[in-house]
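Biologist: Could you walk me through how the labels on this model are decided? I would like to see each value set beside its rule.

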Amino acid sequence: MNFQFTSKIKRNLFIIIAAGLAMFVVGFLTEKNHLYTEIHSVHEGEEGLLVEYYKELPFTKVKFVEDVTVAATEAGISVDFSDLIELHKDDHHGSQHHDDFEFKMLLTPHSLETEGEHGHSEAHGDAHAEDHGDSHAEEGGHDAHAGVHHTPMETLEHIVHEVGSFNDTGHARTWSNLLVNAFFFFGIGLGALFFIALQYATESGWGVVYKRILEAIIGWLPIGAIFLIIVFVGASMHWNHIYHWMDPEVHNPESAHFDIIIANKKPFLSQWFFWLMNAVYFAVFLLFARGFRKRSLQEDLEGGTKIHMKNFAKGALFLVLFGYLSSAMSWQWVMSIDTHWFSTLYGWYVFSGIWLSATIFILLLTFWLKGLGYLDFINESHIHDMGKWMFAISFLWTYLFFSQFMLIWYANIPEEVTYYLDRFGDYKWILWTTVAVNFVIPIILLMSREAKRSKNTIIIIGSILFVFHWVDVFILVMPGSVFDHWAIGFLEVGMFVAFLGMFIYTVLNTLSKAPMLVKNHPYLDENLHHHT
Amino acid sequence: MADKIIYAMYDDDDKLLDGARMLVSKGIHVNEVFSPMPIHGLDDVIGVRHTRLGIASFLYGLTGLMLATLGMKYFMIDDWMMNIGGKPSFSYLENLPAFIPITFEFTVLCAAHGMAITYLLRNKTLPGMPASNPDPRTTDDMFVMEIRTAENTKYSADELQSMVKSTAIVELDEKTV
Amino acid sequence: MHKESAIREPLILGDKTFKQITDDVCRPIENQAPRGWYILITIATVIALYGVGCILYLIGEGIGTWGLNNAVDWAWDITNFVWWVGIGHAGTLISAVLLLFRQKWRMAVNRSAEAMTIFAVIMAAIFPGIHMGRIWVSYWVLPLPNQFGSLWVNFNSPLLWDVFAISTYFSVSLVFWYIGLIPDFATIRDRMTKPLTKKIYGLLSFGWSGRAKHWNRFEIVSLVLAGIATPLVFSVHSIVSFDFATSVIPGWHTTIFPPYFVAGAVFSGFAMVQTLMLIVRKVMHLEAYIHTKHIEYMNIVIMVTGSIVGVAYLTELFMAWYSGVEYESYAFLNRATGPMAWAYWVMMTCNVISPQLMWVKKWRRSLTFTFILSIVVNIGMWFERFVIIVTSLYRGHMPASWAYFYPTWVDVGVFVGTIGIFTVLYLLYARYFPVLAISEVKTILKSSGENYKDGFGAGEGYYGADGSHGHDHHESHDEVVENTKHEETVAELSEEEIAKNKSTLLDRIGTAEASEADDLKQISGVGPVLEKTLNSIGIFKFEQVSKMTSEEYNLLDSLTKSFPGRAERDNWAAQATELMTK
């Protein structure tokens, strides 16, 4: 029986896509950004606000200083400005990395009303002494009523945030999100392709009933490739600046932006190699995807073991290629966003996320189709098998995350640890939520046999994990491309929903073109009688 | 009435399974089966309850997890702080990544051994325990079904015997307890 | 469900029955060991004793007798440790991971692979012990109250993680192995005739009786232990890799180490399994259970893990360049081109190139080729650890302290000695333990046995008329129905007909008196109850039985009712003829 892609389902999907797009447009139009700020301790007991300002942004240094001063005076504080780039102008060694900034300043706030910060806070501290006790006078000022900024530092932060907000004319958030979604959904297609090749090469019988679902998901690859190519073309044309190394200035020894570390990586981080490899990735993935699909349909008609043996050989060949290409792909597409940073485990970590997202999507789609009465041949044992994979790959993902993180944390060497410092700085809560959710939920809740067979458990856990593995990709991309300017708002959610709608539409469309159950597969009979 | 045990011997697991299905469908309670290997699907037929050893293992694991956490918190944070590799042990959370490997190992250790010991105790299979299979061939190639007359009072011993005989048995033995 | 696709190759060759499986596995235990065994154990014992001597000398003199120097302060000791731990991984992987994947072929090798794991981990554990220098205070690695040692042990240290990992791994593997052994020891116990051996195996079998409830628990315990052991396998070698990767030594500190060490461990472990199994199957005559298909499967695992290791090597090389860290780049450049490049290229050849030969189907199914390759891989994996450890250390940040590493005779003696000890343990195991998981192999006989896969008629006698039982019920439903019908007609016979059939039967085979009865139970398939039934018909003597042909069998079936076709299947007549002559 074929899947009936009814107009009702189509209509609902169009509604989802439209809603996503609408949210995205709202997000896109209201897209605001602000300057990169960070609180630094200047010297003992004194703090300053580090403000970095990119060239592309619609300010001038003079105007920024003016606006802050005016606003600060109104709020009752004074601010000292010290220009860090000016200070380090001659220090050629240290400033290379920071030459992208128009200015980089340290703002030190002082209270105008009283002699110093301390007296100012104390006044407020007294007011709250009843609530907080006398020993925490200063902190009492901090965590008092929301929206009221008590310390000069907080007032300053608020001012810089207001003054430093600007329209994201470079649309860094939009481009980066496009990469996140294009990569995430392409990854699901790729994960399914890997899974099907794995099953062919290992002569697995258990997954035969899922074959058509896998093939349908693989059907997304060509479209997913288009979105990726849009992002890459945008990067190559300098419409976006996701890939820092694509800026020719960093490779130019004469330029003030010259970056020796990136320049040394030129053979790998260059436009021509990037596009050469892209051609290889897309060619290999799409050709194998087409071949598997073609032979699968052919097997339905012809039968015999010839096609089966061919799939076995092609599956093994694909795995070998995938072993190399998946790592290289993740380096070029994602890891090179954090251009200086490197990690040998990276490719395998990204791959585990891809594989897991695909597995989760397979399960969710299976339950939906079962609900429509299509997959009666998939019994609890088949679900259990796929559930086990979801469980196991979650474990694998956590294991790889931990291995990479713990080793970098433990060794604590500067060239590596920057990666996590960035993520701890501005992405702390989202990073740890993601890790906790993606580890704790599957490990605890999917441990029992019953849970791996239960529809409701898998749908709930699967949906949560699906979203949080999207967030995982988000954290891979964003810290290197939009720095601290990230948010999850209308723009992000809208684009995710729109992509999800398009993805499901394509998958269902592919699904409707062939019967839901393969015919003539040598392991079909064994698999249909599969009970554990 | 004296309790008689009927031992029905089969030379094949599927024959025993078919036989057991037939007998159970007639309301006979099969007390025990002795076999040289696990017979799949038998448990449901003769009504062996599903074991809860898996849950026990989970609980042992949780205990291990807790002990490891508390232990390391005490050793490294409370009792004797050490600054190792520039990472002073001021709080458990700050040092958490370094504690994860041992926490994991200890959890596994407790889960595995706790379960194994419980398993041996529950089975009463311990060093020095005597074997209780009715025929030495049941650990080789024979499958024996044990039916007690006292548990099947709605049939007489002879009726039981003849019903057992109608299954594909190879031998029948009786023992009065 | 005994359902398996026909295109899958059988895992058990020939026409095996449950009985034969037991016989085949128990034969080496019950009979005199072959001469080859005595020769091997003598050689191994000599080597082991030499190794013990070297270890005692080492403990007496101190680790200065090793070839360590200022630059290379960790060499063969830790190399051997990692090598042995790595080898151990195959056992748990086969029994745990493949159990979860329901790979039936594991059953032929899991017992021996697990034994190998346990012995290999014991060998590994020797090295940290002896390299402490003061082995008598080795209890200091345990978290004991600090007035007992100097301080609490450092829980932040990967070396302590290792203590926990290795001891957990060893004890859990041991328990996993032993729980599987209990039913098989019971099988041996019930076959033994000598009181002493019966007593010993009785003790070892813990009184196992094969009750349904026990099997139920057995299966769950095996499954849960497998589930626990799987992440354990990953964790152990990951933690071993942390010994190096948490440091800041170029060549050691790289994030890919944990999964790459695990892949390498499985790679070397399978190679060792191949080496041992190819010998065991020959010496113990287990060719029917461990045959080309098993060897091929294991070769595929070697090929895959070898390829993963290859990808990891190349990733490391690439990242050493890509990182832009000059120390990192130098470490790798020096490995490949420096004075110890020979070790690097031995490693590369043995670990990256040689497993790729397995792509050729003919080679990976060749036993001789497999045997040679398995040894090549073992050598390669030893060199991998040597390369990682020594070539990262002998040229550190300060050229003034560069030094080449030369092993001493004690280094070599201790290493070779552990191979001897390992071999002795393994030979003892192969002699006195069931080398195949008897009960587990029996569970796959019907789905993967050659005679069963070929369908009806390929095997003689064993399942004959109701062979349908050995196969899937869907397939042979019709025959089951027919059988039932047949039984029904038998049951409907009137008493007159019974009497008539009885006299016809006795006319044909002759009458006999109860006083001159033979022991009919000697006929295979006749038990005490059936004997009674036969006697009640008037059959007492072998002579009568020997005259039976198919017609008489049918008559007999109509009288005994209970076992249609059985007499013919077991060929009672031929058996009786034979018994008459005795």
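Biologist: What makes C:Arg191 and B:Asp140 a salt bridge?

Modeller: A salt bridge is a side-chain nitrogen of Lys or Arg within 4 Å of a carboxyl oxygen of Asp or Glu. The N to O distance between the side chains of C:Arg191 and B:Asp140 is 3.9 Å, so the pair fits the rule. Chain B and chain C have two salt bridges between them. This is a predicted model, where local features need pLDDT of at least 70 and side-chain atom pairs count only at pLDDT 80 or more, while totals for chains, interfaces and linings use all residues. Residues are numbered from 1 along each chain as its sequence is written, chains are lettered from A and ligands numbered from 1 in the order in which they are written, and side-chain values use heavy atoms, with hydrogens and water left out.

Biologist: How many residues of chain B and chain C are in contact?

Modeller: Contact means heavy atoms within 4.5 Å, and 74 residues of chain B are in contact with 71 residues of chain C. By class, the chain B side has 40 nonpolar, 16 polar and 18 charged residues. Here Ala, Val, Leu, Ile, Met, Phe, Trp, Tyr, Cys and Pro count as nonpolar, Asp, Glu, Lys and Arg as charged, and the others, Gly among them, as polar.

Biologist: Why is A:Glu215 called buried?

Modeller: Buried means under 20% relative accessible area, exposed over 50%, and partly exposed in between (1.4 Å probe, protein chains only). A:Glu215 has 4% relative accessibility, so the label is buried. Its salt-bridge partner is A:Arg293, with the closest N and O atoms 2.9 Å apart. A:Arg293, at 17%, is buried too.

Biologist: What is the label for C:Arg365, and what for C:Glu296?

Modeller: C:Arg365 has a relative accessible area of 25%, so this residue is partly exposed. C:Glu296, at 2%, is buried. These two form a salt bridge, the closest N and O atoms being 2.4 Å apart. C:Glu296 also meets C:Lys293 in a salt bridge, at 3.6 Å from N to O.

Biologist: How do you know how many disulfides there are?

Modeller: A disulfide is a pair of cysteine sulfur atoms within 2.5 Å. By this rule, the count over all chains is zero. C:Cys54 is buried, with a relative accessible area of 2%, and C:Cys350 is buried at 11%.
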